[in-house]
Amino acid sequence: MSTEVNPQTYQAQLDEKAERLRNWFAPFTPPMLDVFASEPEHYRMRAEFRVWHQGDDLYYIMFDQATRQKYRVDAFPAASSLINQVMPLLLAALRPDPVLRRKLFQVDFLSSLSGELVVSLLYHRQLDEAWHSAVQEVRRQLREQGFKVDIIGRAKKQKWVVGQDYVVERLQVNGRELVYQQVENSFTQPNGKMNEQMLGWALDITRGAQGDLLELYCGNGNFSLALAANFRRVLATEIASSSVKSAQYNIAANGIDNVTILRMSAEEFTQAMRGVREFRRLQGIDLNSYECNTILVDPPRAGLDEDTVKLVQEYDNILYISCNPETLQQNLETLSQSHNISRFALFDQFPYTHHMEAGVYLTRKG
């Protein structure tokens with residue numbers, strides 16, 4: 001499948017993905033597939049480019065995944081309009097200054113639908129006050145041109161932040177605005193508009209749910225906070241400390257009072273629930289007071305480990321968001337023994353690539 005961004009071919013590639021997903025999961029007899037289309041261009045909120053130096057000039061490059069050959073990038077239609085607008089302006093500001101150019105090897109962009117942007121400049125040298133002074137001027141110039149930009153400098157064991165190291169995203173979900181802090185170098189959903197659709201789908205299928213929600217791998221609270229409206233309480237786990245901090249920020253920013261975030265891995269939480277280990281992090285939290293009839297998992301590409309699959313199987317309702325249909329299939333071999341798929345979805349997070357994001361909602365048999 002071509003990775004070239006071409007809106008004219010978008011619907012055909014989406015239809016092909018949907019057919020592939022239906023065929024893969026046919027043995028599980030799922031219901032009709034809900035298909036959520038992406039914006040055909042400017043859909044990615046993040047982008048990373050290597051920097052190529054040629055004399056006093058420099059420009060962005062990427063590498064062809066098949067041939068590993070580098071190619072120049074002056075515009076990147078997959079990335080947000082905001083990233084595309086700032087890309088040439090940033091290079092124009094960096095080029096004339098040898099302090100900013102020297103040993104710069106990568107530029108990362110993190111943008112938001114709300115119009116905020118963090119630019120990370122990565123160097124193969126230590127940064128100093130001369131760099132800090134020069135980059136402040138670049139930020140000032142970009143802001144004078146109307147862009148809400150902050151800049152981070154990274155080098156070995158160095159992180160210099162000029163402004164802030166996060167964007168504040170504002171998502172519109174079922175007529176409600178949700179606020180999320182998204183920190184540079186932490187996981188966030190890459191396709192902002194698709195994220196809005198995913199959250200809307202999750203809200204729709206859990207409407208009228210009973211009891212509490214347990215979420216494993218909650219990240220910055222992306223699903224937890226949206227779904228809090230449908231449940232009495234939400235108990236969520238996440239291992240990355242930066243994501244836990246963002247989740248706490250987001251709870252406060254949205255005025256939500258029924259979500260508790262635990263800094264634990266899914267494996268640790270499974271051990272705690274089964275009484276295998278005790279954790280000081282759980283002091284003051286009565287796990288037995290939660291009546292979690294529904295569990296949400298959005299695991300990494302490796303899927304759920306065997307013990308976590310067995311834990312998940314104990315819940316009446318399972319909402320499984322998967323960035324890797326192959327490991328989802330493997331987990332469903334076990335989960336389908338006790339549960340039926342009642343809703344099935346394709347979220348086209350990564351148009352024009354073979355990658356697919358799938359969602360299944362499983363309910364206990366009989």
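This passage describes the annotated active site, the enclosed cavity and one helical residue of a predicted model.

We may begin with the annotated positions. An unreviewed UniProt entry places the feature "active site" at Cys323 and Glu357. Although these two positions are spread over 35 residues of sequence, they cluster in space, with a largest C-alpha distance of 4.5 Å. Both Cys323 and Glu357 take part in the lining of the second largest pocket.

The setting of each residue is worth a closer look. Cys323 sits in the loop that runs between strand 15 (317-322) and helix 10 (325-335), whereas Glu357 belongs to strand 17 (residues 357-364). With a relative accessible area of 21%, Cys323 counts as partly exposed, because the buried class is kept for values under 20%. Glu357, at 5%, falls under that cut-off and is therefore buried.

The contacts of the pair fill in the picture. Neighbours within four places in sequence aside, Cys323 touches Pro299, Pro300 and Arg301, together with Met356 and Glu357. On the same basis, the contacts of Glu357 include Ile321, Ser322 and Cys323, and Ala345, Leu346, Phe347 and Gln349 are also among them. Gln189, Met198 and Asp298 complete the list for Glu357. The two annotated residues are thus found in each other's contact lists.

Attention can now turn to the enclosed space in the model. The count comes to 1 cavity of 30 Å³ or more, and the largest cavity holds about 30 Å³ of space. Its lining is made up of Met45, Glu169, Leu171, Gln182, Gln189, Gly192 and Asn195. Two elements, strand 9 (166-173) and helix 5 (192-205), give two or more residues each to this lining. Sorted by class, the lining has 2 nonpolar, 4 polar and 1 charged residues. Gln189 offers a link between the two parts of this account: Gln189 lines the largest cavity and is also in contact with Glu357.

A last residue takes us elsewhere in the chain. Gln85 is located in helix 2 (residues 81-94). The relative accessibility of Gln85 is 42%, so this residue counts as partly exposed. The C-alpha atom of Gln85 is separated by 47 Å from that of Asp307, a residue 222 positions away along the chain.

Definitions and conventions:
Residues numbered from 1 in each chain as written. Predicted model: local features only at pLDDT ≥ 70, side-chain atom pairs only at ≥ 80, totals over all residues. Heavy atoms only, no water. 1 Å grid on protein atoms, 1.4 Å probe; cavity = no way out; pocket = protein on both sides within 12 Å on 5 of 7 lines; lining within 4 Å. Points joined across faces, edges and corners; volume = space filled by probe spheres on them. Helix = DSSP H or I, 4+ residues; strand = E, 2+ residues; numbered from the N terminus. Nonpolar A, V, L, I, M, F, W, Y, C, P; charged D, E, K, R; others polar. Buried < 20%, exposed > 50% of the residue type's maximum accessible area, 1.4 Å probe, protein only. UniProt positions renumbered as here; feature names shortened; annotations may be inferred. Contact = heavy atoms within 4.5 Å.
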